[in-house]
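Let's take a friendly walk through this chain, one element at a time. Keep the viewer open as you read.

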Amino acid sequence: MSSAAVLFLLTLGSVCEQAAAERKLIYATVLFRHGDRSPVHAYPTDPYQESAWPQGFGQLSQEGMRQHLNLGQFLKERYKGFLNESYNRHEISVRSTDYDRTLMSAEANLAGLYPPSGQQVFTEILKWQPIPVHTVPQSEERVCCGRI
């Protein structure tokens with residue numbers, strides 16, 4: 001599979017009049033790959049077969065989850081003043097390829113980008129909120145053209 005097959009797309013948008021004259025950011029697209037993952041397969045004599053990995057082959061590792069949580073926190077700081085402090089469905093759209101590792105990377109990234117606050121907190125024991133991640137079935141994917 002090409003690297004484009006395992007990515008997700010974060011699109012940020014805002015409407016600003018006279019954007020060029022005021023030199024304000026009005027739209028950003030952020031494209032990146034999934035975080036660290038387990039191997040997709042083992043060589044025949046590899047002592048670490050699929051059962052050695054908590055979720056099996058090709059899955060996002062805990063390090064990959066941390067990487068995307070940190071990237072979301074970085075993007076929150078980078079786009080401070082451009083993005084709302086809290087999630088707004090009219091402001092952001094997230095697109096992922098339909099692989100566990102890319103969907104989980106997107107979710108971890110959004111957890112760092114938009115930790116819930118105020119009315120978005122639905123339980124005190126979990127500092128997370130569900131945010132839509134859009135995808136299409138792998139058989140209909142047009143972002144890439146390869147397979148592992």
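## Helices, core and surface

The buried residues of H3 are Arg101, Thr102, Leu103, Ser105, Ala106, Ala108, Asn109, Leu110, Ala111, Gly112 and Leu113. That makes 11 of the 14 residues in this helix, so H3 is mostly covered. Please keep in mind that this is a predicted model.

How does the span of H3 compare with what is expected at 1.5 Å a residue? Helix H3 covers residues 100-113 and should span 20 Å; the C-alpha atoms at its ends are 20 Å apart, which agrees.

Stepping back, the chain has three helices and three strands. Starting at the N terminus, these elements follow the order β-α-β-α-β-α. Of the 148 residues in the chain, 36% are buried.

Now to the interior. In soluble globular proteins, nonpolar side chains tend to be buried together. Here, the largest nonpolar core has 15 residues, and those with the most contacts inside it are Leu75, Tyr79, Leu83, Ile92, Leu110, Leu113 and Tyr114. Strand E2 (27-33), strand E3 (92-96) and H3 each supply at least two residues of this core. Two of the names just given, Leu110 and Leu113, also appear among the buried residues of H3.

Helix H2 makes a good companion to H3. Its 17 residues, 62-78, reach 24 Å from the first C-alpha to the last, close to the 24 Å expected at 1.5 Å a residue. Which residues of H2 are buried? They are Gly64, His68, Gly72 and Leu75. Viewed down the axis of H2, these buried residues fall within an arc of 80°, so they line one face of the helix. On the other side of H2, Gln62, Phe74 and Glu77 are exposed. Leu75 is also one of the core residues with the most contacts.

Charged pairs come next. Side chains of opposite charge can pair when their charged atoms come close. Searching the whole structure gives five salt bridges, including the ones below.

| Salt bridge | Closest N to O distance |
|---|---|
| Glu63 and Arg66 | 3.3 Å |
| Glu77 and Lys80 | 3.4 Å |
| Lys127 and Glu124 | 3.3 Å |

Glu63 and Arg66 are three residues apart in helix H2, and so about one helical turn separates them. Glu63 is partly exposed, with a relative accessible area of 35%, and Arg66 is partly exposed as well, at 44%. Glu77, by contrast, is exposed. Lys127 and Glu124 are both exposed too.

What kind of patch do Phe122, Ile125, Leu126 and Trp128 form on the surface? The patch is nonpolar, and together these residues have about 460 Å² of accessible area. Leu126 sits in the segment after H3. With a relative accessible area of 40%, Leu126 counts as partly exposed, because that value lies between the 20% limit for buried and the 50% limit for exposed.

One last stop is a loop. Is Ser38, with its place between E2 and H2, buried or exposed? Ser38 is buried, its relative accessible area being 5%. Although Ser38 and Ser61 are 23 residues apart along the chain, their C-alpha atoms are separated by 6.3 Å.

Note on methods:
Residues numbered from 1 in each chain as written. Predicted model: local features only at pLDDT ≥ 70, side-chain atom pairs only at ≥ 80, totals over all residues. Heavy atoms only, no water. Helix = DSSP H or I, 4+ residues; strand = E, 2+ residues; numbered from the N terminus. Expected span 1.5 Å × (residues − 1). Buried < 20%, exposed > 50% of the residue type's maximum accessible area, 1.4 Å probe, protein only. Patch = residues over 30% accessible without salt bridge, like charges linked within 9 Å, V, L, I, M, F, W, Y side chains within 5 Å. Areas by Shrake-Rupley, 256 points an atom, 1.4 Å probe, with all protein chains shown as cover. Salt bridge = Lys/Arg side-chain N within 4 Å of Asp/Glu carboxyl O. Core = buried A, V, L, I, M, F, W, Y, C linked by side-chain atoms within 4.5 Å. Arc of directions from axis to C-beta.
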